[in-house]
Amino acid sequence: MPEHTYDYVIVGAGSAGAVLAARLSEDPDVSVCVLEAGPPDTVENIHIPMVFGSLFKTQVDWDYSTAAEPFCDGRRIYLPRGKTYGGSSSLNAMIYVRGNRLDYDDWAAGGAEGWSYDDLLPYFKRAEDHYRGEDEFHGAGGPLSVSEGRSKNPITAAFVEAGQQAGLAYNPDFNAATQDGIGLYDLTQRGGYRCSTALAYLHPAMERPNLTVIPYLRATRVRFEGTRAVGVEGLQLGQTSEYRAEREVILCGGAYNSPQLLMLSGVGPAEHLALRQIEVVLDHPQVGQNLQDHPAVGGAWTTDQPVSLLVAALPDTAAEHLEAFTQNGHGPLTSNIGEGGGFFRTRSGLPAPNAQFHAVPVMFIEEGLADPPDHGMLLSVCLIKPDSRGEVTLPSADPTAKPVIRHNYYAAESDMAQMVEAMGTVMDVAGQEALRPFAQTPFMVPASDSDDDVRAHIRSKTQTIYHPAGTCAIGTVVDPELRVQGLEGLRVVDASVMPTVTRGNTNAPTIAIAERAADLIRGAASLRASAGAEAAAG
């Protein structure tokens, strides 16, 4: 079996892996290898924001589904995940949302020392090149371009007005002092094109001689000598190779693939592994547990106003919109689909928002897998502080078998009760005067406003909003430095380390986690500590 040796071996070139590869390879004296199961990000539609749905179920998608969800009518819910350079940042809706200050302060209060909001804010800023420039909350000059949307669809503008008519406050920046309110989302775009972590971090770093990125290589297990991780075994074109790590192995596979690889490597619940005939390296009962996501559901309406994003696909208008995109990075093809949205509380007494809007100026239906039947809109809402917990397990010891994923959406009755309340707000906003021209004819809404009908709608239409987290959480699987507890030379760096999922889209937090992890791995002082030392010296 061929063997290759590096200082660091990173599994996954996604949102976290690309950041780590770039940061660790800044030191010319270390060698870094990244193993990516998918291809390079050369598929053209990766870079055209509006058409990300066309990437679903292709070679750049892991194409997962949940097991039968017991509280969603036994349905299997589709779970797209990026399988290419940039990972899900090459496949997502590009929404740049950090979450709520309380998310991180709760992590720190629960024992995740060094992960409070004040600890992480400098890493959000280090990553960012914000279109408004640097201020208290935003950074300028970082690798990741954060821009305002360029589509500016009239349906989105009408949603923002309708939300205010329904009593919600306007919020020009969800990543500043206050999260509550509605408005337009900031996007990870550059010049109207997608700005994935592959574009922002990985490709510039690949010019360095000390960084090796290997596509089409499926990691099959972490190799151990005693309790120390010493490398990764992988499969490429039917050939098995080993990639030795002199310093560390770092898993960046995300909330589904990182626990899967740990369990395939003998790190996980001992009884579960034994039943799969996997030799146990370490009994780690919480690997794959604590799975969280933001369940999403909403309403869809048709309109006789021919202004939805469908104009970019219709034969008589597609050419002009393609030209607007390719010539100057404007028009509907720059749309991230979820152009507008916001955060609100479904009841009084909550310390922070528990629900989030995504306003979509096209009929994005059937999990994004169906053609829009007409001009129209979708107003989606998701729970951002769910109580339900799921799990990731193995169907067998075969590393090519897809993991068994059960989110258990609405296993907690409190989640269903909050979603019923949130759907009430959806229908209220959709009924406001500003949206009447666009939310004309109900297409996918509850049969009535009765509790039974709303619950039935939720059970039958819930889908993921693509934010899985928590399966290798700080405090149960990894320590606050993201080292797998009980082992040496092995860390996990991705959304799986979140003790609780953040209130909002998870890509920006994952990038910040990786930025901070790079300093932890290098033994550098945290940016917060460095700033404090400079202030004291000054």
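I took buried to mean under 20% relative accessible area, exposed over 50%, and partly exposed in between, with a 1.4 Å probe and protein chains only.

**Ile 95**

I looked up Ile 95 and found it buried, at 7% relative accessibility. I count helices (H or I, at least four residues) and strands (E, at least two) as DSSP runs, numbered from the N terminus. Ile 95 sits in the loop between strand 4 (78–79) and helix 2. For contact I required heavy atoms within 4.5 Å. Setting aside neighbours within four places in sequence, I listed the contacts of Ile 95 as Tyr 185, Asp 186, Leu 187, Asn 336, Gly 338, His 358 and Asn 505. I also checked Asn 328, which is 233 residues from Ile 95 along the chain; the two C-alpha atoms are separated by 21 Å.

**Basis of the entries**

I note that this is a predicted model, in which local features need pLDDT of at least 70 and side-chain atom pairs count only at pLDDT 80 or more, while totals for chains, interfaces and linings use all residues. Residues are numbered from 1 along each chain as its sequence is written, and side-chain values use heavy atoms, with hydrogens and water left out.

**The whole chain**

I recorded twelve helices and 25 strands in the protein chain. The radius of gyration is 22 Å, close to the 24 Å that the globule rule gives for 538 residues, so the protein chain is as compact as a globular protein of that length. I took this radius over C-alpha atoms, and the rule is 2.2 Å times the number of residues to the power 0.38. The C-alpha trace spans about 65 × 50 × 50 Å along its principal axes.

Of the 538 residues, 60% count as buried. Among contacts with a separation of 6 or more, I found that 70% come from residues 24 or more positions apart. The protein chain exposes about 19500 Å², of which carbon and sulfur atoms supply 49%; I used areas from the Shrake-Rupley method with a 1.4 Å probe, where for residues only the protein chains shown count as cover.

I counted 39 positive and 66 negative side chains, and the centres of the two sets lie 3 Å apart. In this count Lys and Arg are positive and Asp and Glu negative, with His and the chain ends left out. The place of a charge is NZ of Lys, CZ of Arg, CG of Asp or CD of Glu.

**Aromatic pairs**

I searched the whole structure and obtained 14 aromatic pairs. Tyr 104 and Phe 124 have ring centres 6.0 Å apart and planes at 70°, so I entered the pair as edge-to-face. Tyr 104 belongs to helix 2 (residues 101–109) and Phe 124 to helix 3 (residues 117–127), so the pair ties together parts that are 20 residues apart in sequence. Rings of Phe, Tyr and Trp (its six-membered ring) pair if their centres lie within 6.5 Å; planes under 30 degrees apart count as stacked, over 60 as edge-to-face and the rest as tilted. Tyr 104 is buried at 1% relative accessible area, and Phe 124 is buried at 2% relative accessibility. I also noted one aromatic cluster formed by Phe 52, Phe 56, Tyr 78, Phe 364 and Tyr 466.

**Pro 154**

I located Pro 154 in helix 4 (residues 154–165) and found it partly exposed, at 39% relative accessibility. Beyond neighbours within four places in sequence, Pro 154 is in contact with Val 307 and Phe 438. Pro 154 and Leu 435 are 281 residues apart in sequence and 9.9 Å apart in space, C-alpha to C-alpha.

**Helix 6 and positive phi values**

I found eleven of the eleven residues of helix 6 (residues 254–264) buried, including Tyr 256, Pro 259 and Met 263. Just after helix 6, Gly 266 takes a positive phi of about 95°.

Most residues other than glycine have a negative phi. I therefore entered two exceptions, Gln 277 with phi near 55° and Asn 408 with phi near 60°. Gln 277 lies in the loop between helix 7 (270–275) and strand 16 (282–283) and is exposed, at 68% relative accessibility. Asn 408 lies in the loop between strand 22 (404–406) and helix 9 (413–430) and is buried, with a relative accessible area of 18%.

**Arg 491**

I placed Arg 491 in strand 25 (residues 490–492) and found it buried, at 6% relative accessibility. Leaving aside neighbours within four places in sequence, Arg 491 has contacts that include Glu 248, Glu 481 and Ile 521.
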